[in-house]
Amino acid sequence: MKAIDERPVGIADNPRPGRFKKHHMEDFAGRSYTTICAILLIVIILSIVYFVASKGLATFFRDGVSFSEFLFGSKWDPDGNHGEPQFGVMPFIFGSFATSILAAVIASPLSICASLFMTEIVPGWGKKLLQPVIELLAGIPSVVYGFVGLTVIVPALRDMFPGQGIGIAAGSIVLSVMILPTITSIGTDALSSLPRGLKESSYALGATRWQTIYRVILPTVLPSILTGVVLGMARAFGEALAVQMVIGNAPHIPRSLFESASTLTSVITLDMGNTVMGTPHSNALWSMALALMFMTFIFVVIVRLLERRNRI
Amino acid sequence: MQQTSTTFRTENLSVFYGTYEAVKNISLNFPDKSVTALIGPSGCGKSTFLRSLNRMNDEISQAVIKGKIWIGGEDINDPSTDVIQLRQKIGMVWQKPNPFYKSIYENIAFGPKYHGVKNKKELDQIVESSLRKAALWDEVKDRLKQSALSLSGGQQQRLCIARALSVNPGILLLDEPASALDPVSTSKVEELIVELKKELSIVIVTHNMQQAARISDYTAYFYLGTLMEHNDTEIIFTNPANAMTQEYISGRFG
């Protein structure tokens, strides 16, 4: 009581007159630090976008290639080896979409079943066994996937189907294994965060386990699972090395799944060492990078829309 | 108690989680067309006991059940019992309202559809009568196609009760059905329970002593997995035989 009388503590009381209080300084420092980091991040991202866009748009504005010629043209001859230079990237866009969609089609059912197995069917040892396997799959470098694909999948496809074995089928199979972990882990998270009562109410109505999974659990987690599928597709779309190793890299739209083809990413990695900065060929590669970035952006938008739907 | 009391009862029922005995040797009668309240401090085994009555503990791998649960002369834990049919006869509602992420209509039609009702007219009828029984029909009849999650918490809980009623159970198990609700919704749910007991026997777990006193005909006091006392609610609340029951219901213990 006496201490308070001697030195009354008020809100405006400042032990260091003329300066900011210590806790205000701390608050300010922490706030500034995080703000600077955030700004730095935004600056880096924006400058990457600006750089890619400035290079990529040069194809259209400086080299005089038209948008439609670029996007829908099916002839790729940037150095003009057969007459006029041609900048049609349709085959690569087709290749990218074909491989990633096919990969998602192969991987989704497997992943959904794996996550159901881990969460609903055998939550005990199923999770203990599968979880590390899935995590391991996620950690394998893409060059290893490509190497395995080249030595195992390509010869197998060559034996089973007409053609060289390389092509969209081989690319999709390799990619599907690569995106398994993405879809599985997102699916598993969604399934295990389901309210327990939801399942039990279905059981309590006399539903079997399968009916419960099929009618209650899957419809409820569908938006989350779709998010996983889209993220997996985004990963497949952007993967370069593993695909490049098994797809054959022929610059045309293939007539079958077992014929050599190309994707946007495989062409960029393959050609970038052979071009000179500023030439139309190099600029065309940048335009493809811009298209890739744009697609990634679309994938992000789709995921956002799905998440919004998920909240209901 | 009445003659019908033998139709639904447990006989020396014990439930183990691994080596832990959560429910110890409990024999209880649940007379027809009446409400039995299970009270007791948290962790006393009353929810475990309730969950074993429709074999919901099957979903927990370590749970082992000993003793018998009789429904109309059948032991529900007998290997020959079809658990799917059994659960159709015993409805259950949980503490937290948990409607399916579907429309109000689909929530109710869900159970009957499982059990083979395909006729649209018949389904409409079941939906209406179940919602009427749960005193929810007037509030939702114009928006049956809307998401069940658009309802308030109290309405969701009544929807869950209606959903449980949709498969025409003879027994309703309620696990603290009103503890997550506001007082107005709580009283609605309580009125509903009193109304429903005209048709079925109800077992309710509750932490609310007044609620047990208001709505139940019989009360069982659980403590550490044992049944300490079971009697008419009036006797339990006015003149309990056990000193611990007395202390618990008056709030001095637990």
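1. A residue is called buried here when its relative accessible area is under 20%. By that criterion, the buried residues of helix α11 of chain A are Leu264(A), Thr265(A), Ser266(A), Val267(A), Ile268(A) and Asp271(A). The helix covers residues 264-271, and because 6 of its 8 residues are buried, α11 of chain A is largely enclosed by the rest of the structure. The model under discussion is a predicted one.

2. The secondary structure of chain A consists of 12 helices and 2 strands. In sequence order the elements run α-α-α-β-β-α-α-α-α-α-α-α-α-α, with the two strands following the third helix.

3. On overall dimensions, chain A has a radius of gyration of 27 Å, whereas a compact globule of 312 residues would have a value near 20 Å. The C-alpha trace of chain A extends over about 95 × 65 × 35 Å along its principal axes. Of the contacts in chain A with a separation of 6 or more, 67% are between residues 24 or more positions apart.

4. As to burial and surface, 41% of the 312 residues of chain A are buried. The exposed area of chain A is about 17400 Å², of which 69% is supplied by carbon and sulfur atoms. Chain A carries 23 positive and 19 negative charges, and the mean positions of these sets are 9 Å apart.

5. An unreviewed UniProt entry assigns "domain: ABC transmembrane type-1" to residues 93-307 of chain A. In the model, residues 93-307 of chain A are 79% helix and 0% strand, and the end C-alpha atoms of the span are 27 Å apart.

6. One residue of chain A deserves separate mention. Thr188(A) belongs to helix α7, which spans residues 168-192 of chain A. Is Thr188(A) buried or exposed? Its relative accessible area is 4%, and since the cut-off for burial is 20%, Thr188(A) is buried. Leaving aside residues up to four places away in sequence, Thr188(A) touches Ser115(A), Met118(A), Thr119(A) and Lys127(A).

7. Turning to chain B, there are 10 helices and 10 strands. The radius of gyration of chain B is 18 Å, close to the 18 Å given by the globule rule for 254 residues, so chain B is as compact as a globular protein of that length. Its C-alpha atoms fill a box of roughly 55 × 45 × 35 Å along the principal axes.

8. In chain B, 52% of the 254 residues count as buried. Among contacts in chain B between residues at least 6 apart in sequence, those joining residues at least 24 apart make up 66%. The exposed area of chain B is about 11200 Å², with carbon and sulfur atoms supplying 48%. The chain has 28 positive and 28 negative side chains, and the centres of these two sets are 5 Å apart.

9. For chain B, UniProt lists "domain: ABC transporter" at residues 8-249, again from an unreviewed entry. In the model, residues 8-249 of chain B are 37% helix and 26% strand, and the C-alpha atoms at the ends of the span lie 26 Å apart.

10. A final point concerns a loop of chain B. Leu224(B) lies between β9 (218-223) and β10 (226-232). Which residues does Leu224(B) touch, not counting residues up to four places away in sequence? They are Lys24(B) and Cys44(B). Leu224(B) is also 8.4 Å from Pro41(B), C-alpha to C-alpha, although 183 residues separate Leu224(B) and Pro41(B) in sequence.

Methods:
Residues numbered from 1 in each chain as written. Chains lettered and ligands numbered in written order. Predicted model: local features only at pLDDT ≥ 70, side-chain atom pairs only at ≥ 80, totals over all residues. Heavy atoms only, no water. Helix = DSSP H or I, 4+ residues; strand = E, 2+ residues; numbered from the N terminus. Rg over C-alpha atoms; globule rule 2.2 N^0.38 Å. Buried < 20%, exposed > 50% of the residue type's maximum accessible area, 1.4 Å probe, protein only. Contact = heavy atoms within 4.5 Å. Areas by Shrake-Rupley, 256 points an atom, 1.4 Å probe, with all protein chains shown as cover. Lys, Arg positive; Asp, Glu negative; His and termini not counted. Charge placed at Lys NZ, Arg CZ, Asp CG, Glu CD. UniProt positions renumbered as here; feature names shortened; annotations may be inferred.
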